[in-house]
Amino acid sequence: MAEQSWIDILKLSKKTALIHDGKRKIHYLFTDGKEMAEEYDLNTDELIVRKWRHKSTLGAQSQWQVEVGEPLAGPVTSLDSDVIKENCANPVFMRKDTKIAFQWRIRNLPYPKEVFSVFVEPSERCIIIKTSNKKYYKKFSIPDMDRYQLPLDSSALSFTHTNNTLIVSYKKPKDILTLEQELQKELKKLKGTGEGDINCKTQ
C-alpha cells in the first residue's frame, strides 16, 4: 500500500527521544541522511513542531526548515524602528495542526472574510489563498498528503477569519488519522530521557 511507505520509512529511521518541558521530542535520522525533529504535547499528543534539515553534497548541514510550528526567527538586519515596524505588519504564515485537521494561520490580514477565496487546486496538489482586493496570495501544499500519496478533497477544506488572522483547516482523512495513531504507539515505545541525560534511548 502506498500510504504505508512513509510509515515504513519512519520505522526504519534511527529515532532518539527526549522528554522535556511537557513535550516529547523525537529526532529522526533517515537512511538518506535527512533529519526530522518533532515535538508533541505530552498530555494531548498534538504535534507542536516539525522541522527538517539535510546535508549538502559537501556534507554541510543545512538550516532547519520548519514544516509545522512557529517559523524560525531570522536575523535582524536593521535596527531602524520603521523597518522593524513594517516587518511586524507583514502577513505571518504558519502551520499549527489539531488532532483532526491540518491547520494554517496567517496573521496580519486585516480584511473582511468576504475578501478571501480559499480553494484546492487538484492539478497542482495544493491549496490557494487569494483576496479580491489583490492584497494577499499564497499557494502551498500539504506535505503529509504528498508523503501518503493521497488525493486532495475540496470538501475537507474550510476557513474562518478572526482578529486579523485567517485560519485555514483541512480535515485529515481517515487513512492519516489511523496512521498517526499507529505512529504515536511506536513513539511511546521509545524510552525518552529527561534533559541532561547523556545516553538518549534510540531505536
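Two strands count as paired if DSSP finds at least two bridges between them. Keep that cut-off handy for the exercises on this predicted model.

**Exercise 1.** Work out whether β6 and β7 pair, and in which direction they run.

*Solution.* Start with the bridges: 4 of them join β6 to β7 (residues 101–107). The cut-off is at least two, so β6 and β7 qualify as a pair, and they run antiparallel. For a concrete bridge, take F93, whose partner in β7 is I106.

**Exercise 2.** Place β6 in its sheet and say which strands stand at the edges.

*Solution.* First, write down the order: β6-β7-β12-β11, an open sheet of 4 strands with antiparallel pairing. Next, look for strands with a single partner: these are β6 (92–95) and β11 (157–162), so each has one side left without a neighbour in the sheet. Finally, add the twist, which averages 15° from one strand to the next.

**Exercise 3.** Describe the largest nonpolar core and follow I129 through its contacts.

*Solution.* Begin with the background: in soluble globular proteins, nonpolar side chains tend to be buried together. Here, the largest nonpolar core has 38 residues, and Y28, I127, I129 and Y170 have the most contacts inside it. Helix α4 (residues 174–189) gives this core its largest share, 4 residues. Now zoom in on I129: leaving out residues up to four places away in sequence, its contacts include I106, F116, V118, F140, L166 and V168. I106 should ring a bell, as the bridge partner of F93.

**Exercise 4.** How much of the protein chain is buried, and what does the chain expose?

*Solution.* Of the 203 residues, 35% are buried. The chain exposes about 12300 Å², with 52% of that supplied by carbon and sulfur atoms.

How values were computed. Residues are numbered from 1 along each chain as its sequence is written. This is a predicted model: local features need pLDDT of at least 70, side-chain atom pairs count only at pLDDT 80 or more; totals for chains, interfaces and linings use all residues. Side-chain values use heavy atoms; hydrogens and water are left out. Buried means under 20% relative accessible area, exposed over 50%, partly exposed in between (1.4 Å probe, protein chains only). Accessible areas come from the Shrake-Rupley method with a 1.4 Å probe; for residues, only the protein chains shown count as cover. A nonpolar core is a set of buried Ala, Val, Leu, Ile, Met, Phe, Trp, Tyr and Cys residues joined through side-chain atoms within 4.5 Å. Helices (H or I, at least four residues) and strands (E, at least two) are DSSP runs, numbered from the N terminus. Contact means heavy atoms within 4.5 Å. Axes are lines fitted to C-alpha atoms, for helices over the stretch in contact, and angles run from 0 to 180 degrees between N-to-C directions.
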